[in-house]
Amino acid sequence: MKREQWKSQFGFLMAAVGSAIGLGNIWRFSYLAYKNGGGAFLIPYITALLTAGIALLILEFGVGHERIGSAPLAYARINRRWEWLGWWSVIFVMFGIVLYYTVIIGWCLNFFFYSFDLVWGNDPNDFFFNKFLHISSGPSEIGQTRTPILIGVIVVWFFNWAIVYRGIQKGVELANKIFMPLLFILTIVLVSWAVSFEGALSGIKAYLTPDFSKLSSPEVWIDAYSQIFFTLSLGFGIMITYASYLPAKSDLTKNAILTAFINCGFSIFAGFAVFSVLGFMATSQNLPISDVVRESIGLAFVAYPKAISMMPAGQLFGAIFFLSLVIAGLSSSVSIVEAFSAAYMDKFGGEKKKIVTVLCVLGLLGSIIFTTEGGLFWLDIVDHFLNHYGLVVVGVGECILVGWMFKLEVIRRHINKVSSISLGVWWNVLIKFIVPMILSLIIIWDLYHELEQPYENYSWTSLILIGRDWVLFTLVAGIVFAMRPWKTDLLDQEIVRKPSE
Ligand code: TRP
């Protein structure tokens, strides 16, 4: 069977950018920047982008394009014993990260509708945690599913299904070609509107005023590297899959650099909207900015609603804000459904439409636990463990596999043959030494702190049963998938790509 292919390079770029730009770019980046020294955070952030992000993104594009496969197939074609790494990456995203990620998109969808009537009233904090989430006392008290959230999540999975079902060109590519320009327009509207608010400038100052003293703290650097990983969808097995749908003549380095810069530029730009609004809120309440900034989800679902209630025509502003989040989120969640179904089809064959349907139903079922009253705690724990011990570990694995178990030169020569911007030997040095070293240091640091103190003071039992075991189960599932016999002959075929393909 012929492999699907993008219609255009632009379509590929939009899809890669769509996967990269997600919920994390809007509130996670803004909050991290604020917490970690404002403008000074740009230094570790850009350092992480240049020393690890771009190099790994080029590696993932290169591997997917040269080996022509989804993550498991591409890795197996490099070294059969490493197929599990590819499975593990797509499994912990498809049966982990995306399960709660779609729930957050579901919240955004609800808040989109709430915006029109400012349903949260004058106590958005109480509204979000008590009325909307109906939050329980802890992870062990699951409680009931929240109907509005469940409905939101059903809609999100329906969109995932409807987009991926239509195939690469008519589904993923088309959706992103509409979503991304639309997202950029909405964001431009939000930023130019937000900077006109009274007090906006004080917010922007808080966002950008550099506090260089923060740079001596290792945590700031770890935050920067982790954020780059998450934001560029590295270690997800997604970029490998997307690159495998490129025709023979494709400019890999240029597309990687464009994807990275558009993604990070978008984060920095969207930060202006986030902080202008916080500045406006602080000014109108006569409070210092530090009093109105909220951590991660509190920023979008508590601080923002409050500001929306206070601003003129806030209903419209709120609707645009939450719609942008929904669009940014959907284009990311779609990418893993595509990457997992590709992995499955590469190994076991089958009909794409059927696989996608089953996958989205399973995804919806898996999301349900996060729509319960205890869902937020589960989300928090699973997110922490998979981000810290999934993505980054896969990152190190990729570097070892391609850099040490294989001739990295093969990939570099391939990339240079098709790309306009050539990679020097420095790239090999990054992949073989620098990136795995930095990532290993991060893992060791994280592990040390993990054991020192329970994350967010959850009980060890919950952390182990929910967090650690989620990592372990996905890993075991990855190994099991890798051990199943191949039903297609893709692994045994010689990898050839006709110049016309
Ligand atoms: N890069 C996205 C962000 O910053 C995250 C993401 C990419 C993602 N692909 C995904 C999340 C697939 C879940 C599933 O928000």
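Q: In which helix is the place of Trp221?
A: This is a predicted model. In it, the place of Trp221 is in a helix, and that helix is α10.

Q: Is Trp221 buried, partly exposed or exposed?
A: The relative accessibility of Trp221 is 27%. Buried would need a value under 20%, and exposed a value over 50%. Trp221 therefore counts as partly exposed.

Q: What distance separates the C-alpha atoms of Trp221 and Phe41?
A: Along the chain, Trp221 and Phe41 are 180 residues apart. In space, their C-alpha atoms are separated by 8.6 Å.

Q: Which elements give two or more residues to the shell around the ligand?
A: Start with the site: the ligand sits in the largest cavity. Helices supply the elements asked for. They are α1 (9-20), α2 (23-35), α5 (83-117), α10 (218-231) and α15 (314-348).

Q: Which element gives the largest share of the shell around the ligand?
A: In total, 18 residues surround the ligand. The largest share is four residues. Those four come from α5.

Q: How many charged residues does the shell around the ligand have?
A: Sort the shell by class. Ten residues are nonpolar and eight are polar. The number of charged residues is therefore none, with Asp, Glu, Lys and Arg as the charged class.

Q: Which residues are the closest to the ligand?
A: The ligand is surrounded by 18 residues. The closest are Ala20, Gly24, Tyr101, Phe230 and Ser233.

Q: Which residue has a polar side-chain atom 3.3 Å from an oxygen atom of the ligand?
A: Leu23 also lies by a ligand oxygen atom, at 3.2 Å, but through a backbone N or O atom. The polar side-chain atom at 3.3 Å belongs to Asn25.

Q: How far from a nitrogen atom of the ligand does a backbone N or O atom of Thr231 lie?
A: The atom on the protein side is a backbone N or O atom of Thr231. Its partner is a nitrogen atom of the ligand. The distance is 3.2 Å.

Q: What percentage of the accessible area of the ligand does the protein cover?
A: On its own, the ligand has 360 Å² of accessible area. The protein covers 100%.

Q: Is Ile68 buried or exposed?
A: Ile68 is found in the loop between α3 (42-67) and α4 (71-78). Its relative accessible area is 15%. The cut-off is under 20%, so Ile68 is buried.

Q: What is the phi of Ile68 near?
A: Most residues other than glycine have a negative phi. Ile68 is a residue other than glycine, yet its phi is positive. The value is near 45°.

Q: What is the relative accessible area of His134?
A: His134 has its place in the loop between α6 (124-132) and α7 (147-165). Its phi is near 55°, a positive value in a residue other than glycine. His134 is partly exposed, with a relative accessible area of 38%.

Q: What distance separates the C-alpha atoms of Thr357 and Leu133?
A: Thr357 lies in helix α16 (residues 352-367). At 30% relative accessibility, Thr357 counts as partly exposed. Leu133 is 224 residues apart from Thr357 along the chain. Their C-alpha atoms are separated by 28 Å.

Q: What distance separates the C-alpha atoms of Val393 and Ile442?
A: Val393 is found in helix α17 (residues 375-404). Val393 is partly exposed, at 27% relative accessible area. Val393 and Ile442 are 49 residues apart along the chain. The separation of their C-alpha atoms is 9.8 Å.

Definitions and conventions:
Residues numbered from 1 in each chain as written. Predicted model: local features only at pLDDT ≥ 70, side-chain atom pairs only at ≥ 80, totals over all residues. Heavy atoms only, no water. Near = heavy atom within 4 Å. Polar contact = N/O pair within 3.5 Å; in protein donor to acceptor, adjacent residues only side chain to side chain. Areas by Shrake-Rupley, 256 points an atom, 1.4 Å probe, with all protein chains shown as cover. 1 Å grid on protein atoms, 1.4 Å probe; cavity = no way out; pocket = protein on both sides within 12 Å on 5 of 7 lines; lining within 4 Å. Sits in = over half its atoms within 2 Å of the grid points. Buried < 20%, exposed > 50% of the residue type's maximum accessible area, 1.4 Å probe, protein only.
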